[in-house]
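Q: I would like to take a close look at a single part of this model and then follow the chain outward from there. Could you guide me through it step by step?

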Amino acid sequence: MPKKPMKLDTSIHAEANRQMTICNACRYCEGLCAVFPAMTRRRTFSDGDLEYLANLCHSCGACYYACQYVPPHEFAVNVPQIFAQLRSESYYRSAWPRTFAPLFQRNGLIIALAATVAIALFIGGFVAMHDPDALFAVHTGPGAFYRLMPHETMVALFGGVFLFAVVAIVISVRTFWRTSGGGTIGLSDLLIAGQATATLRYLDGQRGGCMNEDEQPTDRRRFYHHCTFYGFLLCFASTSLATVLHNLLGWHAPYAWYNPVVLLGVLGGSGLLIGPAGLLRAKQRRDPQVVSSDTRGMEVAFLAMLLLTSASGLLLLVLRATPAMGILLALHLGIVFALFLTFPYGKFVHGFYRYAALIRFARESKLPVAGTAD
Ligand code: SF4
Ligand code: SF4
């Protein structure tokens, strides 16, 4: 990817401003998604307004195919593409710590793979120092995983990077909220936005799906997004339950096949195989006119890391009572560590930014249009 300076790319904001001004005069797409009703509430667009609108957009392409002003028309309107660039810009400028943002944006996949190898080697080295034979021995029964690395060391390593990711995401979303307009949030706004996020209400541009190169809408992206989102939540639930069982009941992993920890993990892991693989495939089939090549690297890196996490986790489950367990555990933990590390700087954050934008949309939707447009 080309090098990016650590400052706002004003040309993207200027271009988005130009296109939104045309759309606001045209308003043909008023009924398509949340972007257009939000747009009509303002006559001019600050940088924050534009980032808010961009994060409402799901890049479905419906407005591009409906528009009479797309290139080669001299107005050259292409809302999904400019908004994709602007979303990336909003993640970039709100990221915390800011010095990490350009590093990860340029080299997201390389950093993730390097971190994977580093942690896998660290775990392998740790075992080699304490008990060289343990790495290839067959370990079974409760606590088998901890014969390679003590539970406390695992908690310190993964709890530390997870906490860092949570703090970094909270700070960056708060920055986005403030710079994009912010304001007081009501409980009903949170609930309305939560429902729209959970159901991907605006993903299809009200046309029955996302547009592809054949100009036919399909709902595949919604299905794959849902597999990824709910797969992730199920894996998170599985890990949280395992933590409770370990600390409160003294039940140590690995658990039996019928244990809810394993069942949730298998369901979630399957979702995280199907969803990211489908999204990668759907990405290939998108019309290049409605996506941004600038953001492709970051998106592919995130999906690839999710795929590796679920594939290595499921493989570990199948082979946990064999001599391959040691190497697979080291590899899986390395991938999970790298995934956590890249969370605040990659595509993962888009869900939080979209939720924040939908909260603002829910709040604005209650206000009279005439008052806010002036
Ligand atoms: S995308 Fe095109 S058709 Fe739709 S509102 Fe904008 S200018 Fe009008
Ligand atoms: S969600 Fe679809 S219709 Fe709405 S602005 Fe984005 S690309 Fe256009």
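Leaving aside its neighbours within four places in sequence, which residues is Gln68 in contact with?

A: This is a predicted model, and in it Gln68 is in contact with Cys26, Tyr28 and His73 once the neighbours within four places in sequence are set aside. Gln68 itself lies in the loop between α4 (62-66) and α5. Its relative accessible area is 43%, and because partly exposed residues are those between 20% and 50%, Gln68 counts as partly exposed. One of its contacts, Tyr28, is 40 residues away from Gln68 along the chain, yet the C-alpha atoms of the two are separated by 9.5 Å.

Gln68 and two of these contacts also appear around a ligand, for ligand 1 is surrounded by Cys23, Cys26, Arg27, Tyr28, Cys29, Cys63, Cys67, Gln68 and Tyr69. Sorted by class, this shell holds seven nonpolar residues, one polar residue and one charged residue.

Cys63 belongs to the surroundings of ligand 1, and Cys63 is also listed around ligand 2, together with Cys33, Val35, Phe36, Cys57, His58, Ser59, Cys60, Gly61, Val79 and Pro80. The helices α2 (35-39) and α5 (79-94) each contribute at least two residues to this second shell, which is made up of eight nonpolar and three polar residues, with no charged ones.

Within the shell of ligand 2, Ser59 deserves a separate look. Ser59 is found in the loop between α3 and α4, and its relative accessibility of 7% means that it counts as buried. Most residues other than glycine have a negative phi, whereas Ser59, which is not a glycine, has a positive phi of about 60°. A second case is Leu200, a residue other than glycine whose phi is near 50° and so also positive in sign; Leu200 lies in the loop between α8 (187-199) and α9 and is buried, with a relative accessible area of 11%.

The helix α5, which supplies residues to the shell around ligand 2, also packs against another helix. The axes of α3 (residues 47-56) and α5 come within 8 Å and cross at roughly 115°, which makes the two helices roughly perpendicular. The crossing is left-handed, and the contact brings together Asp47, Leu50, Glu51, Leu53, Ala54 and Asn55 from α3 with Phe83, Leu86, Arg87, Ser90, Tyr91 and Arg93 from α5. Of the residues in this contact, six are nonpolar, two are polar and four are charged.

Following the chain beyond α5, one reaches the loop between α5 and α6, where Pro97 lies. Trp96 and Pro97 are joined by a cis peptide bond with an omega of about -15°, although most peptide bonds are trans. Another cis peptide bond, with omega about 0°, joins Ala253 and Pro254, and Pro254 is placed in the loop between α9 (220-249) and α10 (260-285).

In helix α6 (residues 100-130) sits Ile119, which is buried, with a relative accessible area of 9%. Its C-alpha atom is separated by 34 Å from that of Leu86, which is 33 residues away along the chain. Apart from residues up to four places away in sequence, Ile119 touches Leu157, Leu333, Gly334 and Phe337.

Notes:
Residues numbered from 1 in each chain as written. Chains lettered and ligands numbered in written order. Predicted model: local features only at pLDDT ≥ 70, side-chain atom pairs only at ≥ 80, totals over all residues. Heavy atoms only, no water. Near = heavy atom within 4 Å. Nonpolar A, V, L, I, M, F, W, Y, C, P; charged D, E, K, R; others polar. Helix = DSSP H or I, 4+ residues; strand = E, 2+ residues; numbered from the N terminus. Axes fitted to C-alpha atoms, helices over the stretch in contact; angles between N-to-C directions. Parallel < 35°, antiparallel > 145°, perpendicular 65-115°, else oblique. Left-handed = near helix turned anticlockwise from the far one by under 90°. Contact = heavy atoms within 4.5 Å. Buried < 20%, exposed > 50% of the residue type's maximum accessible area, 1.4 Å probe, protein only.
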